[in-house]
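Biologist: I am new to this structure and would like to learn how to read its side-chain contacts. Could you take me through them slowly, giving the general idea before each case?

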Amino acid sequence: EPEIGDCRVKVEYVTDGPATILALQMKDKQHGGDHTFGPYRSVPRGCCGGLPDSELKRLRLAAAKKDADELYEEERCGGPFSCLCGCCNIVTWIFSRAQSPMFSLVPQIYS
């Protein structure tokens, strides 16, 4: 059972070789504004990708902060015929929960 002052450390074995990490660097408000990685999610870019970089960055940060319920509501089939999309909505619900909301570089400290 965790107690005050305990620290959780998770170590995973990664084989030696090339690796690619696709993540969004953002501030971690839970740990004093340190930097962490958030999920990199695609966002609409408008007609012919005509968004300025500052707006694209804002949209990506907003998408990274979405929780599983917001992702599901955004992607699910709705409207008057939503009952016909039951199987698709179940798959969408499962995948929205499978996405990890945050990848933190700071160890979890119990207090």
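Modeller: Let us begin with a term for exposure: a residue counts as buried under 20% relative accessible area, as exposed over 50%, and as partly exposed in between. Please keep in mind throughout that this is a predicted model. K66, for instance, has 23% relative accessibility and therefore counts as partly exposed.

Biologist: With which residue does the side chain of K66 meet in a salt bridge?

Modeller: The general idea is that side chains of opposite charge can pair when their charged atoms come close. Here the partner of K66 is E74, and the N to O distance of this salt bridge is 2.3 Å. E74 is partly exposed as well, its relative accessible area being 46%.

Biologist: How many salt bridges does the count come to?

Modeller: The cut-off asks for a side-chain nitrogen of Lys or Arg within 4 Å of a carboxyl oxygen of Asp or Glu, and by this rule the count comes to two. Besides the pair of E74 and K66, there is a salt bridge between E55 and R58, whose closest N and O atoms are 2.6 Å apart.

Biologist: Where do E55 and R58 lie, and how many residues apart are they?

Modeller: Both belong to helix 1, which covers residues 53-64, and they are three residues apart, about one turn of the helix. As for their surroundings, E55 is partly exposed at a relative accessible area of 27%, and R58 is also partly exposed, at 46% relative accessibility.

Biologist: What is the distance in space between E73 and S96, and how far apart are they in sequence?

Modeller: Separation along the chain and separation in space are two readings to take side by side. E73 and S96 are 23 residues apart in sequence, while their C-alpha atoms are 9.4 Å apart in space. E73 itself lies in helix 2, residues 68-75, and is partly exposed at 48% relative accessibility.

Biologist: Turning to the cysteines, how many disulfides does the structure hold, and why is C77 not bonded to C85?

Modeller: A disulfide needs a pair of cysteine sulfur atoms within 2.5 Å, and the structure holds zero of them. The cysteine sulfur closest to that of C77 is in C85, but because the distance is 3.7 Å, it is too far for a bond. C88 is in no disulfide either, the nearest cysteine sulfur being that of C77, 5.2 Å away. In accessibility, C77 is partly exposed at 28%, and C88 is partly exposed at 46%.

How values were computed
Residues numbered from 1 in each chain as written. Predicted model: local features only at pLDDT ≥ 70, side-chain atom pairs only at ≥ 80, totals over all residues. Heavy atoms only, no water. Helix = DSSP H or I, 4+ residues; strand = E, 2+ residues; numbered from the N terminus. Buried < 20%, exposed > 50% of the residue type's maximum accessible area, 1.4 Å probe, protein only.
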